[in-house]
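Subject: Structure handover

Hello,

Please find the structure below. My notes on what was found in it follow.

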Amino acid sequence: MSATDASARPGPPRPRRRASQSPGQPQGQGSPRSQGSPSADGAGPVSPTGRAVRRRPSWRRTLRRYLTVGSFIGPALLGIAIFLIFPLGTALESSMHKFGILDAPGTWYGLGNYRYLLHDPFVHTAAWNTLWFCLIMVPAQLVTGLGSALLLTKMRSASSLYRTIFFLPALVPTVAGVLAFVYLLKPGVGPVDTLLGKVGIEGPLWFNSPSWSKPSLVLLAMWSIGNTMVIFLAALLDVPSSLYEAASIDGASAVRQFRHVTLPTISPVLLFTTVINIIATLCLFTEAAVAAAAASGAATVGGGAASNFGYPQESTLTYPLYIYQTGFPQNLLGYANALAIVLFVVTCAVLAVLLRRFRSFTEGAS
Amino acid sequence: MTAVIVPADTTREPAPAKPRPSGPVGREGLLVFVARHAIAIAIIVCALAPVLFIVLTSFMSPQQSLSNHYWPTTWHFGNYVDVFRKLDMGRYLLNTLLYAILATGFMLISSVPAAYALSKLKWRGRNFVFLVVICMMLLPPQITTVPLYLWWANFHLTGTLWPLILPNLLGDAFSIFLLRQFMVTIPDEYLDAARVDGAGEWRTLLRVIIPMARPGIAATSMFMFFYCWNDYYGPYLYTSENRSNWTLSFALASFHGLHNVEWNLVMAAAVITVVPILVLFFFAQKAFVQGITLTGVKG
């Protein structure tokens, strides 16, 4: 929409034109202009006066303009073509083939891979595991992140110290964090089980039990919540304090203030964070792979028969892990591509929720 | 969450016009104060305990690291030497630095101009390209894994880290996004002034935008560096069959099973991967936090 307006007057002489043509406008150049810029700008040149004064775009000028823009964005466009569009197209095309790494084009298989996918019990397990993480892990992250951010906004003393320490786990590299948790939650002799034993509780087998391995990963995710917390903290501090004052004058309790003032105000950030966390959970790979390998105590390297994805009993076999497993250790590349295309469709559905609010991203561009 | 609501609930009574008590004011205020700090301290214990255990275990003897002792009975500082001797940490460290530094440098070369074009230049299709960049940033990497792996195999680059480094020359979607969010906040007046003075777009970028966007560039570089440092999937995909090109994160995940290595050495290796990140963070904390804030878009 705004893109076409922009191209209608391709030349860069924007400042000069503004100086000569619209003496009333320059005051509006600051923040108010930058907000509704696309529509406001689009309306400008259509007005009769604007049309009269506008300099004619010569093709030479247009070409130069495109070359300039291209010199900035060109490499990125090439990157999009090579690393997004090309592989997506290839994945779609080769998902209809049967092939391994040595017989690259393979034989045409039609929708066979997709038909097989529907009846593959591992796909069901992997999809269920990933769904489980989306339903349990994402809310757990959001509640922890929002809860600790709320707590930080209420702290008057030492809040910066608390903030730094709350954030600290997010800095620990993922693999190191997973290993620390596997060690902490070692069945029987791990520090947590020892502590539980002192209180008289027999700790579960954590990462070694099919029913506790997923909750253990949730604990890990709640631990490294720092980034979400910082985003929520910024959003909470942005809520105008006058709203709280008005609410407390009206006698609203803290709970009601939270429900009727805080939540509505931060809801865009809440939506954004939810979508981002769901997508991050859809590609949950490292945590599940490393936890399974470390807990089972076997080698991770090279896949093949030694692969222990999903240990124990496929309870941590996430969908991306299964894509990797079919693609590389099992060498069913066509099938892996079919699985990837399904993941792509699901991700796009989630993304659609976010992109309906796309305006909030483009807002503020000049 | 309830934890926050419960103490705050006690402040329902005070006189309407008076602001709510903030510090330890009065008896109820004191209760609230104590409750909040108790919760905060509990969170701190949970946040720090895993880190503390990594450090403590890294000083234990192999036998002790398998027992249920918290505190090392004898301190084995030699573990840190052993990690380099037995596990080839030096090579992994070098590989990781090569990956992280080259990727960050390449990313800056390509992504800063792209972010400028997406925030401060006007052209047909700009919003659409930005939309594609957002999609690219959010799509799971596993979707394009197989085609890209085969593509890199054509160039005989699988088994090395180059398939992870080279794409950054053509822009990194997340970095472009973040840099753009920073540049959007720079007022247009500065650009207009530069243009009136006859500066071309590249000159404007180099002389006006880059100096002003320095915190944003710092934050983006740090994110990129952290990302590479932490990356597990990429090195797993491309270098798992070639031990000489492993990175720290990947090697760390493989130690435990591979050599039946004792936990104390694994934890010492973990400390070595954590420390540089912590040091970097404490030098550039402000830019870093500001960067995270910008990723959470205000709607």
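Four residues of domain 1 of chain B are in contact with six residues of domain 2 of chain B. On the domain 1 side that touches domain 2, two residues are nonpolar, two are polar and none is charged. The domain assignment places domain 1 of chain B at 2-58 and domain 2 at 81-295.

Bear in mind that this is a predicted model. Its scores are ipTM 0.83 and pTM 0.82. For chain B the average pLDDT is 83, and 88% of the residues score at least 70. Residues 1-23 of chain B are a stretch to treat separately: pLDDT stays under 50 there, and the model has 38 contacts beyond four places in sequence for them. That stretch falls within the bounds 2-58 of domain 1 except for residue 1.

Overall make-up of the chains:

- Chain A has 366 residues, of which 38% count as buried. Its secondary structure consists of 19 helices and two strands. Among its contacts with a separation of 6 or more, 68% are between residues 24 or more positions apart.
- Chain B has 299 residues, of which 45% count as buried. Its secondary structure consists of 16 helices and zero strands. Among its contacts with a separation of 6 or more, 72% are between residues 24 or more positions apart.

Next, the nonpolar core. The largest one holds 156 residues, and the members that touch the most other members are A:L179, A:V182, A:A291, A:L339, B:L252, B:A269 and B:A270. Helix 5 of chain B (residues 89-120) supplies the largest share of this core, with 12 residues. Taking B:A269 as one of the well-connected members, its contacts outside the neighbours within four places in sequence are B:V83, B:L87, B:M89, B:L252 and B:F255. B:L252 therefore appears both in that contact list and among the members that touch the most others.

In chain A, helix 17 (residues 319-327) is mostly covered, with nine of its nine residues buried. These are A:Y319, A:P320, A:L321, A:Y322, A:I323, A:Y324, A:Q325, A:T326 and A:G327. What do they pack against? Within chain A, the partners are helix 8 (121-154), helix 16 (286-296) and helix 18 (333-355). From chain B, helix 7 (145-154) also packs against the buried residues of helix 17.

The loops on either side of helix 17 each hold a residue with an unusual backbone angle. Most residues other than glycine have a negative phi. A:Q313, in the loop between helix 16 and helix 17, has a positive phi of about 50° and is not a glycine. A:N331, in the loop between helix 17 and helix 18, has a positive phi of about 60° and is not a glycine either.

Are these two loop residues buried or exposed? A:Q313 counts as exposed because it has 12 C-beta neighbours inside 10 Å, and 12 or fewer is the cut-off for exposed. A:N331 has 16 other C-beta atoms within 10 Å, so it is partly exposed.

Regards

Conventions: Residues are numbered from 1 along each chain as its sequence is written. Chains are lettered from A and ligands numbered from 1 in the order in which they are written. This is a predicted model: local features need pLDDT of at least 70, side-chain atom pairs count only at pLDDT 80 or more; totals for chains, interfaces and linings use all residues. Helices (H or I, at least four residues) and strands (E, at least two) are DSSP runs, numbered from the N terminus. A residue is buried if 20 or more other C-beta atoms lie within 10 Å of its own, exposed if 12 or fewer, and partly exposed in between; C-beta atoms are placed from the backbone. Two residues are in contact if their C-beta atoms, placed from the backbone, lie within 7 Å. Domain bounds come from an automatic or database domain assignment. Ala, Val, Leu, Ile, Met, Phe, Trp, Tyr, Cys and Pro count as nonpolar, Asp, Glu, Lys and Arg as charged, and the others, Gly among them, as polar. A nonpolar core is a set of buried Ala, Val, Leu, Ile, Met, Phe, Trp, Tyr and Cys residues joined through C-beta atoms within 7 Å. pLDDT is the predictor's confidence in each residue, from 0 to 100.
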